[in-house]
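Please work through the following exercises on backbone angles and charged side chains, and try each task before reading its solution.

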Amino acid sequence: MDRQVSDLKRIALVAVATAAAMWILLYAPTPYVVYEPGIATPVAPMVTAEQGDAEGEGTFLLTAVKLSDPNFFDVLRSAWDKDEDVMMKKEVFRGYTQQQYQDRLSVIMEGSQNNAVEAAYRYLELPFAFKVQAIVVSDISVKAEEDAGLFQAGDKLVGLAGGPRFESTADMLDKLRRVDAGSHVATIDIERDGALAQVEMDAARLGPNLTEDRLPAAFGASGLTELRSLEPGDARKRLAIKAGDIGGPSAGLVFALQSIDLLTVGDLTGGSRIAATGTITPDGKVGPIGGIKQKVVITSREGAQLFLVPEGNYKEAKAKAKQLGTAMEVVGVTNLKDALGKIKQFNASTRGVAVGNS
C-alpha cells in the first residue's frame with residue numbers, strides 16, 4: 001500500500017512538473033523577440049500618380065521582416081534556425097512599449113515616403129515645391145533620464161507657446177536660438193495623439209549656441225523628421241504613397257524606383273522581378289537597414305531575380321544568398337543613380353546586350 005501511494009505521488013509530481021514545463025515553454029512571457037522572413041510584395045499598388053505610365057511586365061518588390069513575440073519553445077526553435085534571429089526585447093524596443101515602437105516606425109515610414117518622392121523628382125529634374133506639414137519627434141534618446149516623460153515619438157512640434165508655428169526645421173532652429181537661455185523654462189506647443197498639449201523644457205538647452213546637429217538632443221530625441229507635402233510643377237506628376245501597416249525606413253529605395261517607373265515611359269524593370277531595400281535621402285543616397293538576412297530569404301522565395309541592397313548590407317546579404325544556393329543576384333548600391341545603373345546592367349546581361357556605364 002505504501003509503495004502504491006509512493007508511486008502515485010511520483011506520478012503526480014512528474015505530471016505537475018511536466019505541466020509546468022509545458023506552460024513555461026508554450027505560454028510564459030519571454031524577454032525575446034524573433035526576426036523572421038516576412039513579405040516580398042509588389043510595390044506598384046502602393047505608389048500612384050495623377051497620370052502615370054502604364055504598368056510593365058516586370059515587378060518591383062517591397063520586402064519587410066516579421067517581428068514576432070515568441071514563447072520559449074519558439075525561442076529554442078529559432079536559435080537553431082539559420083533564417084531567424086533571436087534578440088532581447090530591450091535591445092529592440094529600447095524602452096518603448098510595443099505600441100510606441102510601432103508608432104515610431106509609422107512616423108519614420110512617413111518620412112521615408114517623403115524622401116523617396118523627393119529623390120525621384122530630383123533625379124528626373126522635375127520642378128517641385130514643398131511645404132513642411134509637421135516636424136515630428138521620430139526617435140527618443142534613452143540615455144538621459146532627465147528627458148523621461150517630456151517628448152514622445154510621434155509628437156508634432158508646433159511652436160513656442162503663444163508664438164507662430166514652426167514652418168520648417170530651419171525656422172524652428174532660428175526661433176529656438178532667440179530663446180533666453182538664462183530663463184528657467186521654455187514651453188513648447190505640441191500635438192500628441194491628435195490633441196494639442198504643452199511641454200515645458202529646460203531653456204538652458206536653447207538660445208544662441210544651439211546648433212543644427214544638437215537640435216534633436218535639445219528635445220531629448222535622437223531623431224526629428226520633417227513631414228512634407230510635395231507639389232510638382234506639373235500636377236499630373238503628383239505622387240502618393242500608401243503602405244498600409246508597413247513601418248520603418250527601409251522601403252525608401254523601392255518607393256523611389258517605383259516612382260521613377262511611374263513618371264517615365266517604358267518598363268524600368270525590363271520585365272524582371274526586382275526586389276530592393278534601403279533607406280533613402282532626398283538627394284538619393286541609399287543607407288543600410290536591419291533584417292537583411294531575412295529579406296534575402298523571403299525575396300528568394302518569392303522569385304526575385306535581382307535584389308538591390310545597400311552597400312553596407314551587401315557582404316551579409318551575399319553570404320546569405322550563397323548559403324541558400326539561390327539563383328537570385330544580389331548587388332550593393334550607394335545611391336539612386338547607382339541602383340538604376342545596376343538594373344540596366346542586369347537586364348542587359350540577361351539579354352546578352354552590352355551597355356556602357358550609367
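The exercises below deal with two loop residues and then with salt bridges.

This is a predicted model, in which local features need pLDDT of at least 70, side-chain atom pairs count only at pLDDT 80 or more, and totals for chains, interfaces and linings use all residues. Residues are numbered from 1 along each chain as its sequence is written, and side-chain values use heavy atoms, with hydrogens and water left out.

**Exercise 1.** Find where E125 lies, and decide whether E125 is buried or exposed.

Solution. Begin with the backbone: E125 is not a glycine, yet its phi is positive, at about 55°. Next, place E125 in the chain, where it belongs to the loop between α4 (98-124) and β5 (128-140); helices (H or I, at least four residues) and strands (E, at least two) are DSSP runs, numbered from the N terminus. Finally, recall that buried means under 20% relative accessible area, exposed over 50%, and partly exposed in between (1.4 Å probe, protein chains only). E125 has 69% relative accessibility and therefore counts as exposed.

**Exercise 2.** Carry out the same steps for D193.

Solution. D193, although not a glycine, has a positive phi of about 55°. The loop that holds D193 runs between β7 (185-192) and β8 (195-202). Because its relative accessibility is 77%, D193 counts as exposed.

**Exercise 3.** Determine which parts of the chain the salt bridge between R228 and E118 ties together.

Solution. A salt bridge is a side-chain nitrogen of Lys or Arg within 4 Å of a carboxyl oxygen of Asp or Glu, and the structure holds 14 of them. In the pair R228 and E118, the closest N and O atoms are 2.6 Å apart. R228 lies in strand β9 (residues 221-232) and E118 in helix α4, so this pair ties together parts that are 110 residues apart in sequence. As for accessibility, R228 counts as partly exposed at 22%, whereas E118 counts as buried at 2%.

**Exercise 4.** Describe the settings of the salt bridges K175 with D171 and R178 with D174.

Solution. K175 and D171 meet at 2.7 Å, N to O; both lie in helix α5 (residues 169-177), four residues apart, which is about one turn of the helix. Both K175 and D171 are buried. The side chains of R178 and D174 meet at 2.8 Å, N to O. Here R178 counts as exposed at 67% relative accessibility, while D174 is partly exposed, with a relative accessible area of 32%. Elsewhere, salt bridges that share partners join E118, R122, E226 and R228 into one network.
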